[in-house]
Amino acid sequence: MKVSASYKHAAAVNNVWKWYRDSESALLDSRQKIKEKVRSGKALPIEFMFKSPKEIADQFSNGMKELKYATMLSLISAIEAAFRIDHQIRLTGKKSDGISRKLYQLSPNKKKGEWSRFGDDILKTWKNITDSRELEKSIKNLMDLLPLRDWLAHGRCWEKRFTQNYDPETIYSIAIRLMRNLPHDNFFGRKYLSP
């Protein structure tokens with residue numbers, strides 16, 4: 001299956017982060033308003049009627065958990081989009097720098113139209129070619145997120161295979177470190193990675 005690249009719908013880290021902060025604020029504000037209505041005995045919206053204070057608290061807690069899961073997946077997807085856009089520009093533009101040559105060497109080994117794998121191909125190439133220990137560490141941190149991405153993307157229907165507890169703030173900080181450590185003049189997905 002051949003996939004054509006389109007950047008106009010690509011996720012951007014800063015857009016995802018702003019959406020998360022706005023949504024988190026709205027959810028917290030809504031929770032506070034409902035708490036005040038419960039305390040004062042005012043009528044509740046239908047979705048909260050006949051629920052105990054604990055059930056209401058659980059509903060908001062579950063909403064916050066889902067928001068965090070959606071944000072983590074969206075942030076990782078935005079980071080991946082930045083690397084895939086960089087990869088595509090390198091291949092179609094026939095760039096001649098070291099990273100471009102290495103990524104281009106991956107391309108003929110793929111079946112016609114098949115994308116390079118994000119972790120095993122694109123990220124490992126970046127990690128192996130860099131002489132910056134900070135960039136290598138940043139890429140390793142991103143690679144450590146891939147089991148989380150898979151778990152989130154496939155509906156969280158198996159036991160977690162990662163030991164670290166992640167949250168949106170951790171993933172956002174990984175994006176910031178990547179942005180600082182990727183070459184300023186030689187990473188073509190920077191616009192989508194910029195926090």
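In the predicted model, helices H2 and H7 lie roughly parallel to each other, because the angle at which they pack, about 15°, falls under the 35 degrees that bounds this class. Helix H2 spans residues 53-92 and helix H7 spans residues 168-181, and the axes of the two helices are 9 Å apart. The crossing that H2 and H7 form is left-handed. On the side of H2, the contact is made by Lys 68, Thr 71, Met 72, Leu 75, Ile 76, Ile 79 and Phe 83, while H7 contributes Pro 168, Ile 171, Tyr 172, Ala 175 and Leu 178. When the residues in this contact of H2 with H7 are sorted by class, 10 are nonpolar, one is polar and one is charged.

At the level of the whole protein chain, the secondary structure consists of eight helices and zero strands, and the pattern read along the sequence is accordingly α-α-α-α-α-α-α-α. The radius of gyration of the protein chain is 21 Å, whereas the globule rule gives 16 Å for 195 residues; the computed value is well over that figure, so the chain is more spread out than a compact globule. Taken along the principal axes, the box filled by the C-alpha atoms of the protein chain comes to roughly 70 × 35 × 30 Å.

Of the 195 residues in the protein chain, 37% are buried. Among the contacts in the protein chain with a separation of 6 or more, 67% are accounted for by residues that stand 24 or more positions apart.

Technical notes: Residues are numbered from 1 along each chain as its sequence is written. This is a predicted model: local features need pLDDT of at least 70, side-chain atom pairs count only at pLDDT 80 or more; totals for chains, interfaces and linings use all residues. Side-chain values use heavy atoms; hydrogens and water are left out. Axes are lines fitted to C-alpha atoms, for helices over the stretch in contact, and angles run from 0 to 180 degrees between N-to-C directions. Helices (H or I, at least four residues) and strands (E, at least two) are DSSP runs, numbered from the N terminus. Angles under 35 degrees count as roughly parallel, over 145 as roughly antiparallel, 65 to 115 as roughly perpendicular and the rest as oblique. A crossing is left-handed if the near helix is turned anticlockwise from the far one by less than a right angle, and right-handed if clockwise. Contact means heavy atoms within 4.5 Å. Ala, Val, Leu, Ile, Met, Phe, Trp, Tyr, Cys and Pro count as nonpolar, Asp, Glu, Lys and Arg as charged, and the others, Gly among them, as polar. The radius of gyration is taken over C-alpha atoms; the globule rule is 2.2 Å times the number of residues to the power 0.38. Buried means under 20% relative accessible area, exposed over 50%, partly exposed in between (1.4 Å probe, protein chains only).
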